[in-house]
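Grab a coffee and work through these short exercises on salt bridges and burial. Each task comes with a step-by-step solution.

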Amino acid sequence: MTETTIALIAAMPDETKPLLRRLGSYKTEKVGSFPCYRFALAGKTCCLVESGMGPRRAAAATRAVLAAASPRLVINFGFAGAVTAGPSTGDIVVAERILCCHERLFTEEGGISETLTDTLVSALATPGEKPFSLFRGTFVTTIEIASKKEVAQRLPAGTTYPSLEMETASVARITMEAQVPLVALRAISDDAAEELGFAIAEFTDNEMNLRLGKILLTVIRKPWIIPQLLRLARNTRKAGKNLAEAVQAAISVL
């Protein structure tokens, strides 16, 4: 796969499948232990890797795809939760800043290419009918689903459109070490008013794999989250569709 020029990293199938459906044609293989999809788009060869959830897996997947593909650019994408008012469900946020949240502390992470981010924002902001609004914001990487209210209260002053996710800071550390430029974009799956009524540990094992048995047990214990889960499923479908359009545009212009 030495011919690959762009690597893409996302955590979950719900984030990658809408893009793959738009492409139609791709090859499936493995990069290390990670599912990988190879395809050509806009005259470029691309390698899309599903990392699984969480910072540790995101870092491992990034190392694996850098070693296997030697890309000239990495695009990290997925879903995020809006922390403050602004982005609504299905809107796209492009990262201009990354914060890592650990034990109530925030650390600034580098790695985002300002030049390529400007190029992407310009392309997505071109006039024309789009199913989403576009924001430049701050990705806040956490190791678990966090309370938006608590995060909002502790954020550094001047943090624009903070978006909660679980992988981007780890991807950025590895790409920065390798001196490979990175851009990151996410679709909002739950807006600031949607405070999730469960923790990720209630749905996953110690390796952050979703487990049906744990999901069912959690629903039995917390039946009041069923309407939220159904709403999130609808929102995720909308976010996935918009995300696929934005990622396809990113590949074309970057």
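Two residues are in contact when their heavy atoms lie within 4.5 Å. We're working with a predicted model, where local features need pLDDT of at least 70, side-chain atom pairs count only at pLDDT 80 or more, and totals for chains, interfaces and linings use all residues. Residues are numbered from 1 along each chain as its sequence is written, and side-chain values use heavy atoms, with hydrogens and water left out.

**Exercise 1.** Work out where Thr138 sits and what it touches.

Step 1: Find Thr138 in strand E8, residues 134–141 (strands, E, are DSSP runs of at least two residues and helices, H or I, of at least four, numbered from the N terminus).
Step 2: Check its burial: Thr138 has a relative accessible area of 1%, so it is buried (buried is under 20%, exposed over 50%, partly exposed in between, with a 1.4 Å probe and protein chains only).
Step 3: Skip neighbours within four places in sequence, and Thr138 contacts Arg97, Leu99, Thr159, Thr160, Tyr161, Pro162 and Ser163.

**Exercise 2.** Which acidic side chain does Arg136 meet in a salt bridge at 2.8 Å?

Step 1: Recall the cut-off: a Lys or Arg side-chain nitrogen within 4 Å of an Asp or Glu carboxyl oxygen.
Step 2: The partner is Asp118, at 2.8 Å from N to O.
Step 3: Place the pair: Arg136 is in strand E8 and Asp118 in helix H3 (residues 114–124), 18 residues apart.
Step 4: Arg136 is partly exposed at 30%, and Asp118 is partly exposed at 37%.
Step 5: Widen the view, and Glu96 joins Asp118 and Arg136 in a salt-bridge network.
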